[in-house]
Amino acid sequence: MEGLVGPQTAPISAQCRQHSSPFLPAFSHRFPRKLNISHIGMNKSPKSLKSIAASVQPLETSKLGRLNNTLPSKDVLELWRNANAVCFDVDSTVCLDEGIDELAEFCGAGKAVAEWTSRAMSGSVPFEEALAARLSLFNPSFSQVQDFLEKRPPRLSPGIEEFVKKLKANNTTVYLISGGFRQMINPVASILGVPPENIFANQLLFGSGGEFMGFDTKEPTSRSGGKATAVQQIRKGHEYKALVMIGDGATDLEARKPGGADLFICYAGVQLREAVAAKADWVVFSFSDLISSLE
């Protein structure tokens with residue numbers, strides 16, 4: 001997910017053939033008044049967990065030609081194959097959509113939130129302020145979020161379920177790290193078989209009557225640099241030989257730092273953010289590329 005940084009983005013259009021290469025693709029947090037704030041987490045998944053998968057099209061050759069990291073180096077490939085923990089971004093990586101924009105659209109504020117997001121793309125606004133500002137435009141209630149989850153099943157990126165199964169078969173631990181909300185990520189995690197303790201995400205807060213109260217600012221992902229902090233926490237709690245971060249945005253790239261991710265793989269199957277892709281260790285446009293690299 002990358003809603004705040006990186007003005008150069010290229011959305012990937014739907015339904016296309018795949019390439020044959022094994023690696024190239026075929027404001028402040030205001031609460032209106034003191035109430036009994038609860039983490040109404042909706043941990044139970046919606047009645048239907050059937051994800052809606054869609055095909056995405058790789059970029060045209062002209063844009064591929066500007067990248068020199070669409071094939072992994074020998075060192076990158078070796079590190080990738082030896083990784084025993086993989087952390088995924090969720091929005092525009094595991095899923096095809098940006099969760100907050102989808103929820104805003106469902107609540108009737110899609111245009112306003114999208115316009116605010118566009119203004120925030122310069123990266124000059126801290127993540128936590130941008131998140132609070134967008135939520136304040138529609139203040140989703142508990143019942144609205146629950147209704148959204150029932151009527152809008154997750155749209156998973158093509159190949160992600162098979163990819164996660166492959167990682168698990170190789171005894172690789174999978175994490176989901178997102179600036180989105182647990183209420184919306186829990187169903188995705190359930191489909192993929194990712195346990196709740198392996199999710200790092202934000203939490204919407206509701207009052208005793210189900211009214212929107214804000215979000216939990218104690219979550220590391222509620223702040224700028226939060227994904228890097230989450231990855232560092234994971235490293236401190238486990239003795240992983242190598243940990244890889246996979247995502248599409250600048251906040252995912254930030255996770256590659258000392259004490260954090262050893263490798264950053266840019267997934268550009270939904271959005272290509274060229275400034276991010278240029279700094280990645282490896283750029284892929286299809287999860288099938290990563291699956292085949294593990295064979």
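The questions and answers below concern a predicted model and follow its sheet, its nonpolar cores and one buried lysine.

Q: What is the order of the strands in the open sheet of six strands?
A: The edge positions belong to strand 4 (199–202) and strand 10 (282–284), each of which pairs on one side only. Between neighbours, strand 2 pairs in the parallel sense with strand 3 (residues 173–181) over four bridges, and strand 2 also pairs with strand 7 (residues 243–247) in the parallel sense over four bridges. Strand 7 in turn pairs with strand 8 (residues 263–267), again in the parallel sense and over four bridges. Read across the sheet, the order is 4-3-2-7-8-10.

Q: Which residue of strand 7 is the bridge partner of Phe88?
A: Strand 2 has partners on two sides, and towards strand 3 it is Ala85 that stands opposite Thr173. Towards strand 7, with which strand 2 forms four bridges in the parallel sense, the bridge partner of Phe88 is Ile246.

Q: Which residues of strand 2 (residues 85–88) point the other way from Ala85 and Cys87?
A: In a regular strand the side chains alternate between the two faces of the sheet. Strand 2 shows Ala85 and Cys87 pointing one way, and although all of its residues are buried, the ones that point the other way are Val86 and Phe88.

Q: Which helix gives the most residues to the largest nonpolar core?
A: This core holds 38 residues, of which Trp80, Phe88, Phe163 and Ile246 touch the most other members. Among the residues that Phe88 touches are Phe163, Val174, Ile246 and Phe287. A second, separate core of 25 residues includes Tyr240, Ala255, Ala277 and Phe285. In the core of 38 residues, the greatest contribution, five residues, comes from helix 8 (residues 182–192).

Q: At what angle to strand 2 does helix 7 (residues 160–169) run?
A: Helix 7 lies across strand 2, strand 3 and strand 7, which are consecutive in the sheet order 4-3-2-7-8-10. The sheet itself has a twist that averages 20° from one strand to the next. Relative to strand 2, helix 7 runs at about 155°.

Q: Why does Lys227 count as buried, and with which side chain does the side chain of Lys227 make a polar contact?
A: Lys227 is found in helix 9 (residues 226–237). Because its relative accessibility is 5% and the cut-off for buried is under 20%, Lys227 counts as buried. The side chain of Lys227 makes a polar contact, at 2.7 Å, with the side chain of Asp252.

Note on methods
Residues are numbered from 1 along each chain as its sequence is written. This is a predicted model: local features need pLDDT of at least 70, side-chain atom pairs count only at pLDDT 80 or more; totals for chains, interfaces and linings use all residues. Side-chain values use heavy atoms; hydrogens and water are left out. Buried means under 20% relative accessible area, exposed over 50%, partly exposed in between (1.4 Å probe, protein chains only). Two strands pair if DSSP finds at least two bridges between them. A polar contact is a pair of N or O atoms within 3.5 Å; within protein, one must be able to donate a hydrogen and the other to accept it, and residues adjacent in sequence count only if both atoms are side-chain atoms. A nonpolar core is a set of buried Ala, Val, Leu, Ile, Met, Phe, Trp, Tyr and Cys residues joined through side-chain atoms within 4.5 Å. Contact means heavy atoms within 4.5 Å. Axes are lines fitted to C-alpha atoms, for helices over the stretch in contact, and angles run from 0 to 180 degrees between N-to-C directions. Lists of a residue's contacts leave out its neighbours within four places in sequence.
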